[in-house]
Amino acid sequence: MTLAILDGMVVRIAGQTTIIPLTDIVETLKPKPEDIHYLSTEGQVVFIRGAFVPLVDVGATLGYRAPLTKVDNQIVVLTQTEDSALSALLVDEIFDQRQVVIKGLEENYGSVPGIAAATILGDGRIALILDVDRIVSRKSMTADLSEAA
Amino acid sequence: MHDKNETPPMNENKFISFTISGQTFCVDIMAVREIRGWAKPTPIPHSPSYVCGVINLRGTVLPIVDLGARLGMPSTDPTPSNVTIVVQIGDQLIGLVVEAVSDILSLKDSILQPTPEIASETSKAFFKSLVALEGNMIRVIDLTTLAPAAQMSAAA
């Protein structure tokens, strides 16, 4: 039997313990409130070393909670994948960095947009592993959801 | 009704009965893998409202379905007093949250009545047959209608 192992960062998103694959992470930071700018009413960007990076409210994208009206004192995980540009994911807290065993969701449930797989934490609970590509490409997320709706 | 030539007259099946919001249901005991206490599930994004989430069942990711909500009744409060019945549907394992497991019933095929035509086709689809037992009506659930694949298409 082979086990698939993934290096991940354990974070908290809208109260849920979630794993972000380490290969997708560029850096983590805490932006100053003045570095966060709004594009019209919805889109937000964060100013990082001379570049504007789109801010992704992961908690809202996954439907855990309503979108945050004010981004304040949040931690940002900067991600970049092969298929997507630099994005800033909003998380509540960063716990740890560790290797996790990948458990499929398809076997007993089905595929979930924005979630790559699941894993089991030390306390026995299940944590979901983010599919960063899908989360940051808002277009494909909305397409998935209208398909599912 | 059942064809008497095909099945022996004394054909008995065992069922596990349980209650949700005062109604009694049962499922084929052969599909039941285990009955376990409540564990707090991890919610799944964009799942139908009756999917509570997933729990860890000895290393397997087990989806938990609120059976009451699935059947269109008020959802069962997620409290430690509830029970999860782990059932196998095809190749998939899912956990059904119910209020309480009551009994194991031996039911002859001959006393299973087909579900009568009622207004709601959707709720009729969930029940294979009905049984009158000691003045109670027991609903026999057709587990295949609860399979996650069916859930996903129902959500679509």
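Visitor: Which residue of β10(B) is the bridge partner of Pro114(B)?
Guide: The partner of Pro114(B) in β10(B) is Ser129(B). Please note that this is a predicted model, in which local features need pLDDT of at least 70, side-chain atom pairs count only at pLDDT 80 or more, and totals for chains, interfaces and linings use all residues, while side-chain values use heavy atoms and leave out hydrogens and water. Residues are numbered from 1 along each chain as its sequence is written, and chains are lettered from A and ligands numbered from 1 in the order in which they are written.

Visitor: How many bridges join β9(B) to β10(B)?
Guide: Two bridges join them, and these strands run antiparallel. Strands count as paired if DSSP finds at least two bridges between them. A strand here is a DSSP run of E with at least two residues, a helix is a run of H or I with at least four, and both are numbered from the N terminus.

Visitor: What is the order of the six strands in the open sheet of chain B?
Guide: The order is β8-β1-β2-β11-β10-β9, with mixed pairing. At the edges stand β8 (100-108) and β9 (113-114) of chain B; each has a single partner strand, so one side of each lacks a neighbour in the sheet.

Visitor: How do strands of a sheet pair?
Guide: They pair through backbone hydrogen bonds, in either a parallel or an antiparallel manner.

Visitor: New topic. How many helices and strands are there in chain A?
Guide: Chain A has three helices and 11 strands. Counted from the N terminus, its elements run β-β-β-β-β-β-α-β-β-β-β-β-α-α. Of its 149 residues, 45% count as buried, where buried means under 20% relative accessible area, exposed means over 50%, and partly exposed lies in between (1.4 Å probe, protein chains only).

Visitor: Which strand does β10(A) join through five bridges?
Guide: Strand β10 (residues 115-120) of chain A is joined to β11 (residues 126-130) of chain A, and the two run antiparallel. Ile115(A) stands opposite Leu130(A) in β11(A). The two strands form a hairpin with five residues between them, and Gly124(A) in the turn has a positive phi of about 90°.

Visitor: How many residues of β11(A) are buried?
Guide: Five of its five residues are buried. Ile126(A), Leu128(A) and Leu130(A) point one way from the strand, whereas Ala127(A) and Ile129(A) point the other way. In addition, β11(A) is joined by two bridges to β2(A), and that pair runs parallel. Within it, Ile19(A) has Ile129(A) as its bridge partner.

Visitor: And Gln16(A), what does it touch?
Guide: Leaving out residues up to four places away in sequence, Gln16(A) touches Val11(A), Tyr64(A), Thr42(B) and Pro43(B); contact means heavy atoms within 4.5 Å. Gln16(A) lies in strand β2 (residues 16-21) of chain A and is buried, with a relative accessible area of 17%.

Visitor: How much area do chain B and chain A bury between them?
Guide: They bury about 2,000 Å², 60% of it on carbon and sulfur atoms. Buried area is the accessible area (1.4 Å probe) that two parts lose on being put together, summed over both. On the side of chain B, Pro45(B), His46(B) and Val61(B) lose the most area to chain A, together 31% of what that side buries.

Visitor: How many residue pairs are in polar contact across that interface?
Guide: The rule finds nine such pairs, with both residues at pLDDT 80 or more. A polar contact is a pair of N or O atoms within 3.5 Å; within protein, one must be able to donate a hydrogen and the other to accept it, and residues adjacent in sequence count only if both atoms are side-chain atoms. The elements of chain B that give two or more residues to the side touching chain A are β4 (51-57), β5 (60-66), β7 (92-98) and α3 (148-155).

Visitor: Back to His46(B): where is it found?
Guide: His46(B) is found in the loop between β3 (32-37) and β4 of chain B. Its relative accessible area is 33%, which makes it partly exposed. Its phi is near 55°, a positive value in a residue other than glycine.

Visitor: What sign of phi do most residues other than glycine have?
Guide: Most of them have a negative phi.

Visitor: Is Arg58(B) buried or exposed?
Guide: Arg58(B) counts as exposed, at 65% relative accessibility. It lies in the loop between β4 and β5 of chain B, and its phi is near 45°, again a positive value.
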